[in-house]
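I opened this entry to look up ring pairs, strand pairing and core packing. My notes follow in the order I checked them.

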Amino acid sequence: MSSKPAVLFVCLHNAGRSQMAAGWLRHLAGDTVEVRSAGSEPADQINPVTVEAMREVGIDITGQTPAKLTWDTAEASDVIITMGCGDACPVFPGKRYEDWKLTDPAGQPLDVVRQVRDDIRARVQRLVGTIRP
């Protein structure tokens, strides 16, 4: 890993889990990590309930836009965290991979999305401890 590791969060729509994870990593690691997120089938917008759940903890993800997972983005990342992107997630030798089993916030009420948000925070905190230079 370089002095500034690149972490890619990937989920299906890049509208919930991966956006929350990216928001947490930006918040907890600051500019010590390059943060990326993408989806195998990106949505048109971030899930509004996800935005609200993150806003409750002081993190604004409204400026983010769901992005399509590309080969180049994955190849240029040091750590790839998958969250339900299925077979669309490319595999590159030498990359660190983690697969986080998380409830998909799509269509879920705010109380469920809060639980997902808090689970992601705990996982990102552990991740930060293992990737900081």
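**Aromatic pair**

I searched for paired rings and the count came to 1 aromatic pair. The rings belong to Phe9 and Trp100, with centres 5.9 Å apart. Their planes stand at 50°, between the 30 and 60 degree limits, so I logged the pair as tilted. I note that this is a predicted model.

Where do the two partners sit in the chain? Phe9 is in strand E1, and Trp100 is in the loop between strand E4 (96-99) and helix H4 (110-131). They are 91 residues apart, so the pair links distant parts of the chain.

Next I asked whether Phe9 is buried or exposed. Phe9 has 0% relative accessibility, under the 20% cut-off, so it counts as buried. Trp100 is buried too, with a relative accessible area of 5%.

**Strands E1 and E2**

I followed Phe9 into its strand. E1 covers residues 6-11 and pairs with E2 in the parallel sense. I logged 6 bridges between E1 and E2. Opposite Phe9 stands Ser37 of E2.

I then checked the burial of E2, residues 34-39. Of its 6 residues, 5 are buried, so E2 is largely enclosed by the rest of the structure. Together with helix H1 (residues 17-29), E1 and E2 make a β-α-β unit, and its hand is right.

**Helix H1**

I took the length of H1 next. H1 has 13 residues and reaches 18 Å from first C-alpha to last. That is close to the 18 Å expected at 1.5 Å a residue.

How many residues of H1 are buried? I found 10 of the 13, so I wrote the helix down as mostly covered. The buried ones include Arg17, Gln19, Trp24 and Leu25. What do the buried residues of H1 pack against? They pack against E1, E2, helix H2 (48-56) and H4. After H1 comes Gly30, and I noted its positive phi, near 60°.

**Cores**

In soluble globular proteins, nonpolar side chains tend to be buried together. I therefore looked for nonpolar cores here. The largest has 29 residues. Val7, Phe9, Leu25, Trp100 and Val124 have the most contacts inside it. E1, H1, H2, strand E3 (79-82) and H4 each supply at least two residues of this core. H4 gives the most, with 7 residues.

A second, separate core has 7 residues. Leu8, Val10, Ala38 and Ile80 are among them.

I went back to Leu25 and listed what it touches, not counting residues up to four places away in sequence. The list is Val7, Phe9, Gly30, Val33, Val35, Val124 and Val128.

**Gln19 and Asn14**

I ended with a polar side chain. Gln19 has its place in helix H1. Gln19 is buried, at a relative accessible area of 1%. Which residues is Gln19 in contact with, leaving aside its neighbours within four places in sequence? I recorded Asn14, Ser37, Ile46, Ile61, Gln64, Thr65 and Pro66. Ser37 had come up before, opposite Phe9.

Asn14 deserved its own look. Asn14 is in the loop between E1 and H1. Its relative accessibility is 0%, so Asn14 counts as buried. Phi of Asn14 is near 55°, a positive value in a residue other than glycine.

Definitions and conventions
Residues are numbered from 1 along each chain as its sequence is written. This is a predicted model: local features need pLDDT of at least 70, side-chain atom pairs count only at pLDDT 80 or more; totals for chains, interfaces and linings use all residues. Side-chain values use heavy atoms; hydrogens and water are left out. Buried means under 20% relative accessible area, exposed over 50%, partly exposed in between (1.4 Å probe, protein chains only). Helices (H or I, at least four residues) and strands (E, at least two) are DSSP runs, numbered from the N terminus. Two strands pair if DSSP finds at least two bridges between them. A crossover is right-handed if, with the strands pointing away from the viewer, the path from the first strand over the helix to the second runs clockwise. Rings of Phe, Tyr and Trp (its six-membered ring) pair if their centres lie within 6.5 Å; planes under 30 degrees apart count as stacked, over 60 as edge-to-face and the rest as tilted. The expected span of a helix is 1.5 Å times one less than its number of residues. Contact means heavy atoms within 4.5 Å. A nonpolar core is a set of buried Ala, Val, Leu, Ile, Met, Phe, Trp, Tyr and Cys residues joined through side-chain atoms within 4.5 Å.
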